[in-house]
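Biologist: I'd love a close look at one part of this model. Could you take me through a single strand and its surroundings, and then follow the aromatic residues from there?

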Amino acid sequence: MPVNGQSHIRIARPSRDLAAAERFWVGGLGLDVVYRHDEGGGPGEHALLMVGWPDASWHLELVHEAAAPVEPRPTEEDLLVIYVDGEVPQDLVARLEGHGGKRVQSPNPYWNEWGVTVEDPDGYRLVLCTRAWSNS
């Protein structure tokens, strides 16, 4: 099968704390746990959590290896943008904050005008954008 617009995308990131990440992404945003693997404890063995919506063509993979942890190094421009196509529900923002997120201002005024930015427990930024988007 060729690589094209139907190809599934996995966004992989290290995490300090998979339980905290799960609270944010699943309890806060409402993603589902797609797959989970507990750490075996040996060298090179890691725990991972995959979260996403069942009908989406992407998912997040969050990884933690206790024996050799990789510290997340997000910048303020590492964004996962979800186009809401309307007003961002304030109860959703409150739920994200209640599940470990932190609302922040973006250094890019575009995202402050057209959305709400929330940092996850690892410091990666989720933007809920009021606009719609289509590649076609």
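Modeller: Happy to; what follows is a walk through strand E7 and its partners, then the aromatic rings and a helix that carries two of them. Please keep in mind that this is a predicted model.

Let's start with E7, which spans residues 115–119. Five of its five residues are buried, so the strand is largely enclosed by the rest of the structure. In a regular strand, side chains alternate between the two faces of the sheet. Here both faces are covered: Gly 115, Thr 117 and Glu 119 are buried on one side, and Val 116 and Val 118 are buried on the other.

Now for the partners of E7. Strand E6 (residues 102–104) runs antiparallel to E7 and is joined to it by three bridges. Within this pairing, Lys 102 stands opposite Glu 119. E7 also pairs with strand E8 (residues 125–129), again in the antiparallel sense, over five bridges. Look for Val 116 there, whose bridge partner in E8 is Leu 128. The hairpin of E7 and E8 has five residues between the strands, and Gly 123 in this hairpin takes a positive phi near 95 degrees.

Moving on to the rings, the charged end of Arg 131 sits over the ring of Trp 114, 3.9 Å from the ring centre. The model has four aromatic pairs. In one of them, the ring centres of Phe 24 and Trp 25 are 4.8 Å apart and the planes meet at 85 degrees, which is over 60, so the pair is edge-to-face. Phe 24 is buried, with 0% relative accessibility, and Trp 25 is buried as well, at 1%.

Another pair brings together Tyr 83 and Trp 133, with centres 5.8 Å apart and planes at 25 degrees, so this one is stacked. This pair links distant parts of the chain: Tyr 83 belongs to strand E5 (residues 79–83), while Trp 133 lies in the segment after E8, 50 residues apart. Tyr 83 is partly exposed, with a relative accessible area of 32%, whereas Trp 133 is exposed at 59%.

Finally, back to Phe 24 and Trp 25, which are among the buried residues of helix H1 (residues 18–29), a list that also includes Leu 18, Ala 21 and Leu 29. At the N-terminal end of H1, Asp 17 acts as a cap, with a side-chain oxygen 3.0 Å from the backbone nitrogen of Ala 19. Just after the helix, Gly 30 takes a positive phi of about 100 degrees.

Definitions and conventions
Residues numbered from 1 in each chain as written. Predicted model: local features only at pLDDT ≥ 70, side-chain atom pairs only at ≥ 80, totals over all residues. Heavy atoms only, no water. Buried < 20%, exposed > 50% of the residue type's maximum accessible area, 1.4 Å probe, protein only. Helix = DSSP H or I, 4+ residues; strand = E, 2+ residues; numbered from the N terminus. Polar contact = N/O pair within 3.5 Å; in protein donor to acceptor, adjacent residues only side chain to side chain. Pairing = 2+ DSSP bridges. Phe/Tyr/Trp six-rings, centres within 6.5 Å; stacked < 30°, edge-to-face > 60°. Lys NZ or Arg CZ within 6 Å of the ring centre and 35° of its normal.
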